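Reader: I'm new to this one and would like a close look at a single part of it. Could you pick up the helix at the end and the loops around the chain, and walk me through them slowly?

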Amino acid sequence: MSDATRVLGIAGSLRAGSLNRSLLRAAVELVPAGMEIRTFEGLGEIPPYNADVEARGDPAPVAAWKEAIRTADALLFVTPEYNYGVPGVLKNAFDWASRPPGKSPLNRKPAGIMGVSGGNSGTARAQLALRQSFVFTETYAMLRPEVFVPRGAEKFDPEGRLTDERTREAVRKFLEALGLWIERFRDTGRPGS
Ligand SMILES: Cc1cc2nc3c(=O)[nH]c(=O)nc-3n(C[C@H](O)[C@H](O)[C@H](O)COP(=O)(O)O)c2cc1C
C-alpha cells in the first residue's frame with residue numbers, strides 16, 4: 001500500500017470544459033514526490049442540503065463525499081468565483097460535509113485553495129469566502145502561497161492543458177508548500193478522522 005500523502009482534489013465547477021477542472025488536472029500532473037491527488041467527481045450528484053433529508057440519513061452521494069474527505073489526508077479546492085463568492089454547488093457540498101457539528105470529516109483537515117477566473121480577479125474573493133466557511137470546522141486552509149489565476153482563457157490550450165509556464169511553476173510551489181503544511185498537522189488527533 002502506498003504511504004504517499006493522499007490529497008482529495010475538488011473542482012468547484014461542474015462543466016466539462018471548466019478552467020478550474022483543468023487547473024486541478026494540472027495539479028495532478030505536477031504533484032510532487034510523496035503526494036497523490038485523487039479527484040472527487042461526485043459533486044454534481046449531491047442534493048441541495050435539507051435537514052429533514054439529513055435526519056433520515058445521508059443520501060448515498062453525500063455519504064460517498066464524506067467518506068472521500070475522511071480517508072484523505074488533505075483537501076485541495078480548485079474553485080471559480082461566482083458573483084464574488086463560492087459557487088453554490090461547492091458551498092452546498094461543504095454544508096453537507098460540515099454535519100454533524102463536532103463529527104464532521106472536515107474538522108481539522110488541512111486544505112489548500114486555488115482558482116482560475118475568466119477575468120482579472122483570479123478568484124481572490126471566492127477564496128476568501130471559502131476560508132470564512134472553514135472557520136467553524138477548523139479546516140486548516142494553507143495561508144500562503146496563494147494561487148490566483150486571472151484571465152484563464154490565455155493560460156490553457158484548447159485541450160485544457162495548462163500551458164502558461166509561470167502558472168505551472170506557481171502550482172508546483174503551491175503543492176510543495178501544501179505537503180509541508182500537511183506535515184504540520186500530522187498526529188494532531190483530528191476528531192472525525
Ligand atoms: C454565475 C457566474 C458568476 C460569475 N461571477 C464571477 C465573479 O464574481 N468573478 C469572476 O472573476 N468571474 C465570475 N464569473 C466568470 C468565471 O470566472 C468564468 O466563467 C470561469 O471560467 C468559471 O470557471 P470554470 O471555467 O471553472 O467553469 C462568473 C461566471 C458565472 C457562470
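Author: Here is a walk from the whole chain to its last helix, and from there to the loops.

Keep in mind that this is a predicted model. The chain has 6 helices and 6 strands. Read from the N terminus, they come in the order β-α-β-α-α-β-α-β-α-β-β-α. With 193 residues, the chain has a radius of gyration of 16 Å, close to the 16 Å of the globule rule, so it is as compact as a globular protein of that length. If you draw a box around the C-alpha atoms along the principal axes, you get roughly 45 × 35 × 30 Å.

How much of the chain is buried? The share is 49% of the 193 residues. Contacts tell you how the chain folds back on itself: take those between residues at least 6 apart in sequence, and 81% of them join residues at least 24 apart. On the outside, the chain exposes about 9,600 Å², with carbon and sulfur atoms supplying 52% of that area. As for charge, there are 26 positive and 23 negative side chains, and the centres of these two sets lie 3 Å apart.

Now for the helix you asked about. That's α6, which covers residues 165-184. Its 20 residues reach 29 Å from the first C-alpha to the last, close to the 28 Å expected at 1.5 Å a residue. Which of its residues are buried? They are Thr167, Arg168, Val171, Phe174, Leu175, Ala177, Leu178, Trp181 and Ile182.

Arg172 also sits in α6, and it deserves a pause. It counts as partly exposed because its relative accessibility is 27%, and partly exposed runs between 20% and 50%. Now follow it across the sequence: Leu30 is 142 residues away, yet the two C-alpha atoms are 5.9 Å apart in space. Leaving out residues up to four places away in sequence, Arg172 touches Leu30 and Glu165. Glu165 belongs to the stretch 165-184 that makes up α6.

Let's move to another helix, α4, at residues 88-97. Here Leu90, Asn92, Ala93, Phe94, Trp96 and Ala97 are buried. What do these buried residues pack against? Their partners are β1 (5-11), α2 (51-55), α3 (60-70), β3 (74-78) and α5 (124-137).

The loops on both sides of α4 are worth a look too. In the one between β3 and α4 you'll find Tyr84. Its phi is near 70°, a positive value in a residue other than glycine. Is Tyr84 buried or exposed? It counts as exposed because its relative accessibility is 59%, and the cut-off for exposed is over 50%.

On the other side, the loop between α4 and β4 (110-116) holds Pro100. The peptide bond that leads into this proline from Arg99 is cis, with omega near -10°. Arg108 lies in that loop between α4 and β4 as well. Arg108 has a positive phi, near 55°, in a residue other than glycine. With a relative accessible area of 28%, Arg108 is partly exposed.

There's another cis peptide bond to find, from Arg144 to Pro145, with omega near 5°. Look for Pro145 in the loop between β5 (140-141) and β6 (147-149).

Two more loops round off the walk. Gly118 lies in the one between β4 and α5. At 62% relative accessibility, Gly118 counts as exposed. Even so, Gly118 has contacts beyond its neighbours within four places in sequence, namely with Arg151 and Gly152. Pro80 is 38 residues from Gly118 in sequence, and their C-alpha atoms are 8.8 Å apart.

Finally, Glu45 lies in the loop between β2 (35-39) and α2. Glu45 is exposed, with a relative accessible area of 56%. Where does Val62 come in? It is 17 residues from Glu45 in sequence, while the distance in space is 8.4 Å, C-alpha to C-alpha. Val62 falls within the range 60-70 of α3.

Notes. Residues numbered from 1 in each chain as written. Predicted model: local features only at pLDDT ≥ 70, side-chain atom pairs only at ≥ 80, totals over all residues. Heavy atoms only, no water. Helix = DSSP H or I, 4+ residues; strand = E, 2+ residues; numbered from the N terminus. Rg over C-alpha atoms; globule rule 2.2 N^0.38 Å. Buried < 20%, exposed > 50% of the residue type's maximum accessible area, 1.4 Å probe, protein only. Contact = heavy atoms within 4.5 Å. Areas by Shrake-Rupley, 256 points an atom, 1.4 Å probe, with all protein chains shown as cover. Lys, Arg positive; Asp, Glu negative; His and termini not counted. Charge placed at Lys NZ, Arg CZ, Asp CG, Glu CD. Expected span 1.5 Å × (residues − 1).
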